[in-house]
Amino acid sequence: MKGTRVLRITLWVFWGLWAAACVVLTVGAVANHLASRTQTLPLVLSPGASAEIAVYRFIDDRLRLRLRYAPNAADPALDPDVLMRVETPNEHTDFRASVRSGPPATEVVRRVETVETAGFTAAYFGYGRGDALPRGRSWLRVTVLAVEPALAGRPATVELQPPLDLLKLTDLDYIWLWPFFFWKLAALLLLVPGIALVIFTIALRRQRPRVAQAP
């Protein structure tokens, strides 16, 4: 009887550890999804056109923006000027679309950089600050200020890049979430001890009536 009681307590301890691991995995996977999600704003490239989205960040974050639109068949190498105003709860700044990046594709992809700042910092960090997007729930609004006639009225998409990426850690403050990219593998690994715990629990419950019937 004493050995059975110790075994039961041990089994409940393992159940508790397994449940805690499942909770950590679930929370981490959801947080990883939020931190690695690229958000998009459909936007018509026409002066005065505006779009807004809700944003959530665990830590004060920089802006990383890209502009996408269908290529100009007449001159695929043309990069007409696009001037936009980007607003967040912390501040607002004027941005411009830089030259297209990456290999030729079905869409033109152009980085968005600040008008005031030039060079690598403007293209990569956006505002050049770490608190453009505040921690918690906030918003991002993009308004077209001016656009060259070659792009006027054309539908486009502004992409808000996430602070976390599978192949590169864009923001080191999010490194603690990177392992949760592999949450499916971790879930499979947790499935094995979960099945083992179920088997041992059933076996222990079947053993109790036998002990009760013993003289």
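**A salt-bridge network and the sheet that carries it**

In this predicted model, Arg66 and Glu159 form a salt bridge in which the closest N and O atoms are 2.9 Å apart. The pair joins distant parts of the chain, since Arg66 lies in strand E3 and Glu159 in strand E8, 93 residues apart. A second salt bridge connects the side chains of Glu159 and Arg68, with an N to O distance of 2.6 Å. This contact also links strand E8, which holds Glu159, to strand E3, which holds Arg68, across 91 residues of sequence. Together with Glu107, the residues Arg66, Arg68 and Glu159 belong to a network of salt bridges. Glu159 has a relative accessible area of 9% and is therefore buried, as the limit for that class is under 20%. Arg66, at 26%, is partly exposed, and Arg68, at 21%, is also partly exposed.

The structure contains 10 salt bridges. One of them is formed by Arg57 and Asp61, whose closest N and O atoms are 2.8 Å apart. Both Arg57 and Asp61 are buried.

The backbone of strand E3 places these arginines in a wider setting. In a regular strand, side chains alternate between the two faces of the sheet. Strand E3 (residues 65-69) has a covered face formed by Leu65, Leu67 and Tyr69, while Arg66 and Arg68 make up the uncovered face. Strand E3 pairs with strand E8 in the antiparallel sense through 5 bridges. Within this pairing, Arg66 has Glu159 of strand E8 as its bridge partner; the side chains of Arg66 and Glu159 also form the salt bridge described above. Strand E3 is likewise antiparallel to strand E6 (residues 108-114), and 5 bridges join the two. Here Leu65, from the covered face of strand E3, has Val112 of strand E6 as its bridge partner.

Strands E3, E6 and E8 are part of an open sheet of 8 strands, arranged in the order E1-E8-E3-E6-E5-E4-E7-E2 with antiparallel pairing. Strand E1 (39-45) and strand E2 (50-57) occupy the edges; each has a single partner strand, so one side of each is left without a neighbour in the sheet. From one strand to the next, the twist averages 30°. Elsewhere in the sheet, strand E4 (residues 82-87) and strand E5 (residues 92-100) form an antiparallel pair with 5 bridges. In this pair, Val86 is matched with Thr93 of strand E5 as its bridge partner.

Nonpolar side chains are also found at the surface. A nonpolar surface patch of about 980 Å² is made by Leu166, Leu167, Leu172, Ile175, Trp176, Trp178, Phe182, Leu185 and Leu189. Leu167, one of these residues, is located in the loop between strand E8 (154-160) and helix H3 (183-213). Its relative accessibility is 79%, so Leu167 is classed as exposed, a term used for values over 50%. Helix H3 itself contains Phe200. With a relative accessibility of 57%, Phe200 also counts as exposed. Phe200 and Leu7 are separated by 193 residues in sequence, yet their C-alpha atoms are 9.8 Å apart in space.

Key. Residues numbered from 1 in each chain as written. Predicted model: local features only at pLDDT ≥ 70, side-chain atom pairs only at ≥ 80, totals over all residues. Heavy atoms only, no water. Pairing = 2+ DSSP bridges. Helix = DSSP H or I, 4+ residues; strand = E, 2+ residues; numbered from the N terminus. Axes fitted to C-alpha atoms, helices over the stretch in contact; angles between N-to-C directions. Patch = residues over 30% accessible without salt bridge, like charges linked within 9 Å, V, L, I, M, F, W, Y side chains within 5 Å. Areas by Shrake-Rupley, 256 points an atom, 1.4 Å probe, with all protein chains shown as cover. Salt bridge = Lys/Arg side-chain N within 4 Å of Asp/Glu carboxyl O. Buried < 20%, exposed > 50% of the residue type's maximum accessible area, 1.4 Å probe, protein only.
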